[in-house]
Amino acid sequence: MNRLAGKVALVTGAGRGIGAAIARAFAAEGAAVVLAELDGATAVATAREIANGCEGARTLAVQTDVTQSASLRAAVEEAQRAFGPVDVLVNNAGINVFADPLTMTDDDWRRCFAVDLDGVWNGCRAVLPGMVERRAGSIINIASTHAFQIIPGCFPYPVAKHGVIGLTRALGIEYAPKNVRVNAIAPGYIETQLTHDWWNAQPDPEAARKATLELPPMKRIGRPEEVAMTAVFLASDEAPFINASCITIDGGRTALHHE
Ligand code: NDP
C-alpha cells in the first residue's frame, strides 16, 4: 500500500481492460488517478467503481481521444486543476488492426497508427514540458510482444508497436538528463475484451481460445492485474534507474524457440 502516495497519474484507455486494472492498482497504492478514456460514460463508471472499492481513492474521469493532441493536452490540464501536476503517464489506449498488407485500406493503416503510435506520442508531448520543468516524471508505454515478434496476418499492428519501443527508447534517452524516465511494458496475451473480440472473430472461437492458452510455456494467458503491478513498480520510486527499457510480461513465451 501507498507505493504511489502523493503522485498524480493519468492513464489512457482506462475504461476497461489493462488500463482499468492499472488505474485500480494505482489508486490502491495511493495515487490520484485520471482515467482518460474515449468513451466518457465508461470512464465515469470505472472511476466510480474504483472510488467505491478503495477507501480514500481519488479518481477523475476525462473523456479523451488519444488521436487528438489537443484532447490529451486538455486532459493533462484537467488533471492538474483537480489534483496537481501529472507525475506518471501511462499510454495504454490501443486498438488491434489486423489486415492483409496488400488489401488493407489506407484508412486501416491510418486508424492503427493514429491510436497505437500517434496516441502514445500525443500523451508524451502533453506531459513532457511539465515533467522536464519539475525534473521528475515516469512515462509508461504499453507496447506488446508484437513489438518484437511477428504473427502472420496481424499487419500493421506490430509495425506501430515496434514504433512504440523506438519512441520509448528515444524519449528515454532524450530526457534522462532531466530525470524523466520513459519505459515500456510488452504484454503477451492478456485476457481482456480485446482478446475475446479476436477469438470471436476467428472461424472457430473456442478452438482459437484453446490454441492461445496452449502457446505460453505456463499454459495460460495473463491477467490485466499482472500488467498493472508492473506499471505500479515502474511508476514508483522503486525503479529510479530503469529508463528507456521494456519489461515483457508473457509467461516466458518470447524466450521460447519452439517445443
Ligand atoms: P481493450 O480494448 O480492452 O481496452 C482498450 C481501451 O482503450 C478501451 O477502453 C478503449 O475505449 C480505449 N481506447 C481506444 N481508442 C482510444 C482512443 N482513441 N482514445 C482513448 N481511448 C481509446 O484493450 P486491452 O486492455 O486489451 O489493451 C490495452 C493496451 O494493451 C493496448 O495498447 C493493447 O495494444 C495492449 N496489449 C494488449 C494485449 C492483450 O492481449 N489484451 C497484449 C499486448 C498488448 P473504447 O472501448 O471506448 O473504444
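A disulfide is defined here as a pair of cysteine sulfur atoms within 2.5 Å. By this criterion, the predicted model holds 0 disulfides. Cys112 is in no disulfide, as the sulfur of Cys154, the nearest cysteine sulfur, is 11 Å away. The sulfur of Cys246 has its closest cysteine sulfur in Cys124, at 14 Å, which is too far for a bond. The two residues also fall into separate burial classes: Cys112 has 0% relative accessibility and therefore counts as buried, whereas Cys246, with a relative accessible area of 25%, is partly exposed.

The ligand is surrounded by 28 residues, of which Arg16, Glu37, Asn92, Tyr157 and Thr192 are the closest. Two of these closest residues are also polar partners of the ligand through their side chains: an N or O atom in the side chain of Glu37 is 2.6 Å from a ligand oxygen atom, and an N or O atom in the side chain of Thr192 is 2.5 Å from an oxygen atom of the ligand. On its own, the ligand has 890 Å² of accessible area, and the protein covers 90% of this. Two or more residues of the shell come from each of the elements α1 (17–28), α5 (157–175) and α6 (193–201); α6 gives the most, with 3 residues. A further contact involves the backbone, with an N or O atom of Thr64 lying 3.4 Å from a ligand nitrogen atom.

In terms of residue class, the shell comprises 12 nonpolar, 11 polar and 5 charged residues. Because both domain 1 (8–187 + 222–249) and domain 2 (192–220) give residues to the shell, the ligand lies between them.

Methods: Residues are numbered from 1 along each chain as its sequence is written. This is a predicted model: local features need pLDDT of at least 70, side-chain atom pairs count only at pLDDT 80 or more; totals for chains, interfaces and linings use all residues. Side-chain values use heavy atoms; hydrogens and water are left out. A residue is near a molecule or strand if one of its heavy atoms lies within 4 Å of it. A polar contact is a pair of N or O atoms within 3.5 Å; within protein, one must be able to donate a hydrogen and the other to accept it, and residues adjacent in sequence count only if both atoms are side-chain atoms. Accessible areas come from the Shrake-Rupley method with a 1.4 Å probe; for residues, only the protein chains shown count as cover. Helices (H or I, at least four residues) and strands (E, at least two) are DSSP runs, numbered from the N terminus. Ala, Val, Leu, Ile, Met, Phe, Trp, Tyr, Cys and Pro count as nonpolar, Asp, Glu, Lys and Arg as charged, and the others, Gly among them, as polar. Domain bounds come from an automatic or database domain assignment. Buried means under 20% relative accessible area, exposed over 50%, partly exposed in between (1.4 Å probe, protein chains only).
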